[in-house]
Structures are given as structure tokens and as C-alpha cells.
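Hi,

Here is the structure I promised to pass on. Have a look at it first, and then read my notes below.

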Amino acid sequence: MSTLTITECLLLLFFTGIVTTVSGLQKLTITPDRGTTFNITSTQVKGCKVCTGAGRSRRCDASLLLKDNTPVSVEFECTRPQDALRVEISRSIECTTKTCTGHIIQANYGSLPLLDFNRKFTWNLKAASPKALKIDFGGRGLIQINPSESCPDRHSYSLQALQTTGSVAVGKYCRAGVISSAQILNLGSFSLEVPGGQKLQNVQFDVSVGEEIKSLSKISLKLPKGTSSSVLLSPNYPDSFPDDDVMEWYFHVPDQHKTAIRFFNLTQPSCLKKETAVEYHNKGRGAQVQSLNDPHVEETGGDFSMTLRNCEMDRRRAGSPGLSLKVQVSTSSARSSVLCKVDLSKAEGLFLYIEKLRPTSACEMKINSVTNDKITVKSNSELSFQDCAPEDVQVTAMKVIGCRQLRDCPTTAVRLSLPSLPNCLPAPVSSVTWHLRPPTNGTVELTSPAGPLRQSLPGHPCNDSLIIKVAEDDGTNIGHFCPQGSIQKIQIHTNMSVTASSMGRQALKTCYRNVLDASFKEEIAERYIFTVSLKRNTTVLLATPGWPMGMKSYATVSWIVSVPPKMEAHLMFANLSQPKCSNHHTNIKVQMSGCREEVYSRREDEEAEQEIVVSENFYLNMSNCQPERNSFSVITKITLQESKNLLLTIILSVVAALLVIFIIVLVVVCVVIRKKKKLLNHQVSIYNPNGTVFLPGHNNFPKSREDNESHVYASIEETLVYTHLLRKGMEIGVYGETDTYRPSAGHTDSQKPLVSKTPSADGTETGVYQPFLYPSNHGPPLPNRPPSQQLVDNEIYRSADLREGERSPSLGPRLEPEGES
């Protein structure tokens, strides 16, 4: 690959990207640049699937790898794929012993359709032994940060060295620092991580053939003139430096400057062979080898290198932490006396405090030719420092911002920024304090331009180098905060102060120049109000102001908490300390947004619940009493979980669907049964003079009364009993007496149909079974019945051929039964 020019870099911005939404799913068309590999992977266990193709060739998977320089249509099977997927764009740079195939150019490489996704641009590096591969970071350089920190411009760089034993994290960096170049032995990678929605800056880092090095990496630093301080980290920090390996740093020191090296946060391993050590090499002098526990080293002048060597560690021994450390590099002028002019005329209300820390030190400080161990600078002043090292002096700043009437307060937010101070000071500023004094009926509102804040609490300390202390003007602590949290806004109804400092008395980094924004607002009901926005997959700890000492008497605090949709917040009150109140009561209340009813309320004399579940935005309010003994302090732990109401809705939907299916099946069964009943109602019974009745269509002759159980009834419906007809028939002589109860004695001959045993007219005996003499398609002739005898309408006596008005000539006129009209 030929070296890319700036013009070619600009051409990379042209791409073919089509974003459509079909049924709530996002569809993209991606065209990777030639020589570029796209790898789209899921960041969740049950993440979003990536689909390509259509119809039978459609394929969906948890990841997608694109290599060809052809447009590919990609569809995501989720509504917000940018929350579940990350994109890595890879290119390769290979060096021979003379040239390299390209440079590290920050370009989109066809990834602009994926602008809303978290992107990682990786350049895979390969050097030609024995030469190393060198990356030049240009005039601005880089600054090393902790792996847990983030960069203010949201562009985070990482350097990896690949060895036979595995990958080694050389460091994580931000723009604008003293690191000028880096060299990698054999294989490695240089990557840039950009969050979703962040546009890529147009930057180029030159890649060339490096030196013949003996370490896994060599980092070069160009120290600035004047007083400066930088912090470096051992590889894999805070984890252990690789076993029996070497790391090298090279320092370019300005003329007439001296440099001091100090180690801190040092952990050392148990060694099997060799010992951990640090080596210093300076031109004109031999190597100086020291133990890591020796006092810090001062180089009088000139460039020098520092090499860190690890031993062969004993990993079998319990409690062996490995090798890790931080290196502080401080630079100051080598001259015995330094003159420094400080002009604070443009920084209204700013005060500068310089204090000598060690009385036994040879450091001598003067302001306007007057020697003093504590100096306060209010305006233009001439300072001088003689033999003052950075560790001898502490520099702090303070500014007062206030107004007496709300109408006189600034209408826009006041940016709490670190002051720009001259480099001639013996040490960088270690902390800055802003005193904010609102009107009596006013409130101070604090927001962070770098994103939400979080509290520094036990088990959840601030990993960042910036600590923001918020306190009342009398020194009462409200809380310690740091970036990357869930607290969107802090409102305080009293005079207060904000102090920005670094951990371990380190210098405040310029990347955190803009600390907070302060506004003066209308009066609030509580003394403190925190606005909290919960995020998925995070646990939030909220401590009462003054924790762990306790809140002020009668003080009140509220948290306005927003809960994401389809989620519910689980509240637990940990580290709850209740006082014995001499007046009033403490109270903990939980109330839904927009509702007056309280979800939860407890006093100090009531037992608190273990857990409270809230499914929407809510207020958490706490108030203190006048304590007689002990103090009131609480840490509230809030975790997010999927809403149970959503699960209940799904269950109810499934039950409703099953119920509908059951009703449909029941209706179908009822219709089928009804049709069968109608079919049976139209069947005609046939009278048999031999005493039995059968239905048409039966292939076999019906059973006799003795053989079947037609005369046995489980129950008799009242509507089928026609006693009035039987009584009328008895009166005209057709039936015998039927109204007298006769107990049944089982199957007897008396229960058989009454037939005559005398020979009939055709010579056949009645009472004896004879086969039918009639054709199969004709029934037997109907017997003659008295005209007054109407057939009972049931299946036994129904006849289709009986016509109304048919009479027997031997019977008299038809008599109507009683009760008939």
C-alpha cells in the first residue's frame, strides 16, 4: 500500500451509506475501503443479530466480518443496535528494514453509516527484525492516563505490544502531552476508540522504521521548559508488568534544566531469578543501576533514558502481586534562582497561595523582594524562588463568585475553570477552590460539562485523577464527586464551595480544565436537591450530605430520580444510621413523580424495609431532626431490573390467547353436537307387534326386553310423564290401572310386552318369536287404535303415516283428555 496523502484522506470521506427503517429495524449499506476490515460484534450476552442477504440467502448472526470493497446491505434485528453492538475497523501497516507501507490516518474508511455506534479503529503493526516500528505523535504529543480514565475530546488511544507470551498493554493516552513517539518491537497495534455519535478528528501520525531496541517498547518524551510534572505507568498497569521483561523511556530535557524521578504506588513481586531494578543511562556516563526502593534520582542536566527490568516472578507464592508502579517525572530550571512574574489582573477575584511544605528544605521564596514561607498573590507580583523543587512547594488557587440580589447574578452559567498560570512557578497548581455565595433567596446549581457525576464512596472510589469536593461555606462536607456517573445536577440552598484537586497531590491535568458550570437560580424548598438519571447495567450509590458524619440538624435533601422505560428501580438503604431525636423526627420518603401519595415513609423509631421497588420516576426525600445522640446518615443503593409489569403483561397475553382458543374449540364442539341431535330427532321409530321397537338402519334385529336395558331408567324427566293421558285411557278401557305403585322385583315375565298366546288368523302362534314376514323395505301394518286415543309424541309411538282424523270403526267418538283445551 502506498503512503496516503491528505487529499486521499479527504477522498475517504465519500461513501455510499443508506439508512432506512423497516418495521422498526435499522438497515444500513456499508462500503468498506480497500484494505479495511469491518468487524461488527455484540457487547451483550443476548445481543442484537446482524443480518445480510435476502430470501433464502438471508443470514443472521451475532457478529459480521466485512472485507471486500463492495457495498453490503446490513440489517439489525433490534430497535437500537448502537446500544448492543460495537464496530472495529482494522487496517495493517508493515515495515521492512527500510520503509513502511503507510501511516496512521484517522479517517472513517467507509464507516460513516455507523456513526451512532461505538467504533474502534485499529492499525495492526509489523516490524522487520532487528529494527522496530516507530510512531511519531507530532508536535502536540500524547499524555498517558489510567486505563479507567477517559479523554476530554472522547478520542482515547491505546498501544499494544504482541509477544510470544501474549499481548501487553503499553499504555492508554490522550492528545496534548509530552510523549512524542513510541517504538514497538516485532508485532503490535495502535488503536483509537470513539464513542457513538462522536465525529472523527482529522489527524495523522507518521510511521517509520525505528531503532534496534532490546525492550518490548520504547517511549520518548519531550519535556517542556520551566517547571513541569508528568506521570507514567508501567505496562499492564494496574496489573503486573510482564514476567522477566524490559521497558524503556527516553527523556529529552531542555537546556539548563534538571529532572527528578520518583516512584509511587509501587508493588513488587517475589522473584525466583534476578531482581527488579531500574537503570539510568546518560551520555558521557556509565549505567546507573538502582533498586526500586532507593530514593528518587535527580539528573543534573541533559537527555537520559530509564529502563525498568522485571525478574522471573514466583507466581506460586500466595500474595505475590507482581510488579506495577507509577513514575513521576518533574522538571525545573537548574539555575539556583528563578524570577517569576504573575499577573492576575485578568482573572477577577482569583487568589494564588504558595506555601513551603518542608521547613528543613533549602527552598527560599520571595514576593516583591520579601522572603516568606507563605505567599498570597492577589494582583501583579514579582516572585523569586531559589533552590525550590516541586516537592518543596504547594500551589493552590481560590476564587470568590457571588451576588447579593438574584437580578444582579450572572444570567448564564459561570464556568469553573482551572486558571492559566506561568510555568515559572516551582510546582503546578494542586487544587483550585471556588467560593459560591448566592442571594438569601437564591440557590447554586452545579452541572458538569464533561457529563454526569458520581459520589466517591467505600467500595466505589473515584478511579479518575480529578476529585471534586463540595462543601458548605463553614466547611461542612456535602460530598466528594468525580466524572462518569449518574448525577446530572446538584442544587444547594446556602453559601458553599467547590474544590477541584488531584489524587495524591499530583498536578491537575489540563484535560480537566473545565471542572463545573455554576448557575444562580430561584430558591428551593430543600437544603440540597440532586437530579439523578439512572442507566442500564449500572448500580448507583447515593449518600446523604455530610456522610459519614451525618446531616445537619433539620436539614432536608431530595433526589429526583428518573427511571428508564420498561425498567424498575430497587432501593436498599445500606449503612443506615439513625439518631435519638430530641425534637421532631427523621424521615425517609419515596414518592412517585406527579403523585401526592407516598410509596414509602419511615421515621427513626420505625423499622426500615429491606427493599423498595419503584417502576417509574420518583422522589427520594430525607429530613433530619434535632439529634440528641448519634447522627442521621444513609447510603441508598439503587439497581435497575427489567420491569415485572412487562412480564405480567406477557403472561396475561398468553393466558388470554389460550382462553380464546378454548372458547373457539368449545363453540365448534357445541355446534357439532347440536347438528347430531337434529339428525337423531328426524329418525323414525317402527312399531313391532311382537313387543319391541327398533329404529330404521339397524342391520341386526333389536334385542328383546329381557336382553336389553331399555326398561331400566337412571332418571325420569317430569316432562315425559303423561299421567293425565294414562288416566283417561284407563277410563275408556284402553289401559289398566297405572296409578298404583308396584314395587319392582327385577326382571319378571310381567314386565314383558303383553301378547296373546292364541293362534292368529294366518295360523301363526303369537307369543312365540317368528321372523318378519314382510318385505325388508316395508314395515308391519299399523294396528287399529280407538279414535279417541292420540299417540304420545315420543320415539316409541311416533308414526309418519298416521294422519289426523284416522279412526277405528269399533270405537266411539274421540274424547279429549282432561286438561286439554
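Let me start with a small puzzle: does Thr307 count as buried or exposed? Keep in mind that this is a predicted model, so everything below is computed from it. Thr307 has a relative accessibility of 6%, and buried means under 20%, so Thr307 counts as buried. You can find Thr307 in strand β26, which covers residues 304-309. If you skip its neighbours within four places in sequence, Thr307 is in contact with Val246, Met247, Glu248, Ala277, Val278, Glu279 and His281.

Now the overall picture. The protein chain has 821 residues, and 41% of them are buried. It contains four helices and 57 strands, so expect to see plenty of arrows on your screen. About 46000 Å² of the protein chain is exposed, with carbon and sulfur atoms supplying 51% of that area. Take the contacts in the chain with a separation of 6 or more: 78% of them join residues 24 or more positions apart.

Next, the aromatic rings. How many aromatic pairs are there? The count comes to 10. In one of them, the ring centres of Phe76 and Phe117 are 5.5 Å apart and the planes meet at 40°, so this pair is tilted. Phe76 belongs to strand β7 (residues 72-76), while Phe117 is in the loop between β9 (104-105) and β10 (118-126). That puts the two 41 residues apart, so to speak linking distant parts of the chain. Both Phe76 and Phe117 are buried.

Then there is the pair of Tyr157 and Phe205. Their ring centres are 5.7 Å apart, and because their planes are at 65°, the pair is edge-to-face. Tyr157 sits in strand β13 (residues 156-163) and Phe205 in strand β17 (residues 204-209), so the pair ties together parts that are 48 residues apart in sequence. Tyr157 is buried, with a relative accessible area of 0%, and Phe205 is buried too, at 1%. These two also belong to an aromatic cluster, which they form with Phe137 and Phe190.

I also picked out a sheet for you. It is an open sheet of four strands in the order β46-β55-β48-β52, and the pairing is antiparallel. Why is one side of β46 and of β52 left without a neighbour in the sheet? Because β46 (539-543) and β52 (612-614) stand at the edges, and each has a single partner strand. On average, neighbouring strands of this sheet are turned by 25° against each other, direction ignored. In general, the strands of a sheet pair through backbone hydrogen bonds, either parallel or antiparallel. Here, β46 pairs with β55 (residues 633-642) in the antiparallel sense over five bridges. To find your way along that pair, look for Leu541, which stands opposite Lys637 in β55.

Last, the nonpolar cores. The largest nonpolar core has 76 residues, and Ile354, Leu383, Leu446, Phe530 and Phe618 are the ones that touch the most other members. Phe530 is a good one to click on: leaving aside its neighbours within four places in sequence, its contacts include Ile478, Phe481, Pro545 and Trp559. Apart from that core lies another one of 73 residues, including Ile179, Leu192, Leu200 and Phe263.

Happy browsing!

Methods
Residues numbered from 1 in each chain as written. Predicted model: local features only at pLDDT ≥ 70, side-chain atom pairs only at ≥ 80, totals over all residues. Heavy atoms only, no water. Buried < 20%, exposed > 50% of the residue type's maximum accessible area, 1.4 Å probe, protein only. Contact = heavy atoms within 4.5 Å. Areas by Shrake-Rupley, 256 points an atom, 1.4 Å probe, with all protein chains shown as cover. Phe/Tyr/Trp six-rings, centres within 6.5 Å; stacked < 30°, edge-to-face > 60°. Pairing = 2+ DSSP bridges. Axes fitted to C-alpha atoms, helices over the stretch in contact; angles between N-to-C directions. Core = buried A, V, L, I, M, F, W, Y, C linked by side-chain atoms within 4.5 Å.
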